[in-house]
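I opened my notebook for a look through this structure. Here is what I looked up, entry by entry.

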Amino acid sequence: MIRDALFWHKENDRIRCRLCPHQCLVSEGKSGICSVRVNNGGMLQTENYGEITSMAVDPIEKKPLYHFKPGKNILSVGTFGCNLSCSFCQNYSIAHFRSRSEYLPAEQLAASITALDQSGNIGIAFTYNEPAVWFEYVFDTAKGLKEAFPELCIVLVSNGYIEVEPLETLLPYVDAMNIDLKSMAPQYYKEICGGSLQPVLRTIETAQSKCHVEITTLLVNGMNDSEKEINEIAAYLSSLDKDIPLHLSRYYPSYKMTRPATDVNVMKRTAEIAKEYLNYVYLGNIPGLDNSTYCKVCNERLIHRAGFAVKVLMDEAICRNCLTPVPIRL
Ligand code: SF4
């Protein structure tokens, strides 16, 4: 569905899009880097409004969010388009190609979640591709849902590549975000992801003051899995809050990246390094590992995780052994 876009202005005979830090200058008939925002007759329009390519009820742990409503499910939706171009993209078929989609009005998506809520669904996650690139639909749905049913949750799984104004417009309706921090090296963002680091850090810092935030770093074999790199990532996050959960996810060959999967022993070593800075570090994309949550003070197990099977071992967000408050939203 084509809709008028937000966050742009005219510059002579072209349009400057201000939704994400690319700030594309779009000529008549052309699209920006994300391929879904188009200059149609001097107006910026979005081509993916309500166009759903993927929809499923997922465990919240799959986003991944481990400290937000553990053990619950969430309706997860995505469209096509992305504003980064990571060589290793795990969702390239919808991020970089115009996949088959079906239009679902925002009100209908909100209505389907309220029906699902009776079966323990906590809300809607915008995921699979970058939520920012269908900002208008995400905003309409999130605002509509939160105004009608404040107890339901809105989750964004994002690369963090969004300008401040749209982010701050959306955040009042967002409960939790998982944000990718792909590297602390500006060169990595530039050469591997087609973006830049600073706007992502700004998004993490802005979001962290307004909603629940967890971070994912995909560790790519020989690219960003060095001890220096993980030290920098973990030190940065701990400077914000030592309780931010960090998910270190294992890379497998995908899209344009053909190097072998990241070594599991390297993953384990990076997790140990990150734990020197942060209280909650998890490994992802490695079957069979213990990914339980333990009390940061007495090491009591608080949440048992085996794959996506989750057992919450506390009634309130307090360690039942030493009574330390636990930064988890039950
Ligand atoms: S949202 Fe798309 S068109 Fe707008 S600045 Fe970003 S990449 Fe360019």
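**Around the ligand**

I began by sorting the ligand's shell by class: six residues are nonpolar, three are polar and one is charged. I kept in mind that this is a predicted model. Next I wrote down who they are: Cys17, Leu19, Cys20, His22, Gln23, Cys24, Gly32, Ile33, Cys34 and Arg37. Then I checked the space that the ligand takes up, and this space is the largest cavity.

**Cysteines**

With several cysteine names on my page, I wanted to know how many disulfides there are in the whole structure. My search came back with zero.

I looked into Cys193 to see why. The closest cysteine sulfur to its own belongs to Cys86, 3.6 Å away, and that is too far for a bond, because a disulfide needs the two sulfurs within 2.5 Å.

Is Cys193 buried or exposed? Its relative accessibility is 0%, so I put Cys193 down as buried. I also checked Cys24, one of the residues around the ligand. Cys24 comes out at 16% relative accessibility, so it counts as buried too; the cut-off for buried is under 20%.

**Strands E1, E5 and E6**

I moved on to the strands. A reminder to myself: strands of a sheet pair through backbone hydrogen bonds, in a parallel or an antiparallel way.

I found E1 (residues 3-4) paired with E6 (residues 43-46) over two bridges, in the antiparallel sense. Within this pair, Arg3 has Thr46 of E6 as its bridge partner.

E6 also pairs with E5 (residues 37-40), again antiparallel, and here I noted four bridges. Which residue of E6 stands opposite Asn39? I traced it to Leu44.

E5 and E6 make a hairpin, with two residues between the strands. In the turn I picked out Gly41, which has a positive phi of about 60 degrees. Arg37 turns up twice in my notes: it is in the ligand's shell, and E5 covers residues 37-40.

**Strands E17, E18 and E19**

My last stop was an open sheet of three strands, ordered E17-E18-E19 with antiparallel pairing. E17 (293-294) and E19 (309-312) stand at the edges with a single partner strand each, so each has one side without a neighbour in the sheet.

How many bridges join E18 (residues 301-306) to E19? I noted four, with the two strands running antiparallel. For an example residue I took His304, whose bridge partner in E19 is Lys311.

Definitions and conventions. Residues are numbered from 1 along each chain as its sequence is written. This is a predicted model: local features need pLDDT of at least 70, side-chain atom pairs count only at pLDDT 80 or more; totals for chains, interfaces and linings use all residues. Side-chain values use heavy atoms; hydrogens and water are left out. Buried means under 20% relative accessible area, exposed over 50%, partly exposed in between (1.4 Å probe, protein chains only). A residue is near a molecule or strand if one of its heavy atoms lies within 4 Å of it. On a 1 Å grid over the protein atoms alone, a cavity is a set of points where a 1.4 Å probe fits but cannot get out, and a pocket is an open set with protein on both sides within 12 Å along at least five of seven lines; lining residues have an atom within 4 Å of a point. A molecule sits in a cavity or pocket if more than half of its atoms lie within 2 Å of its grid points. Ala, Val, Leu, Ile, Met, Phe, Trp, Tyr, Cys and Pro count as nonpolar, Asp, Glu, Lys and Arg as charged, and the others, Gly among them, as polar. Two strands pair if DSSP finds at least two bridges between them.
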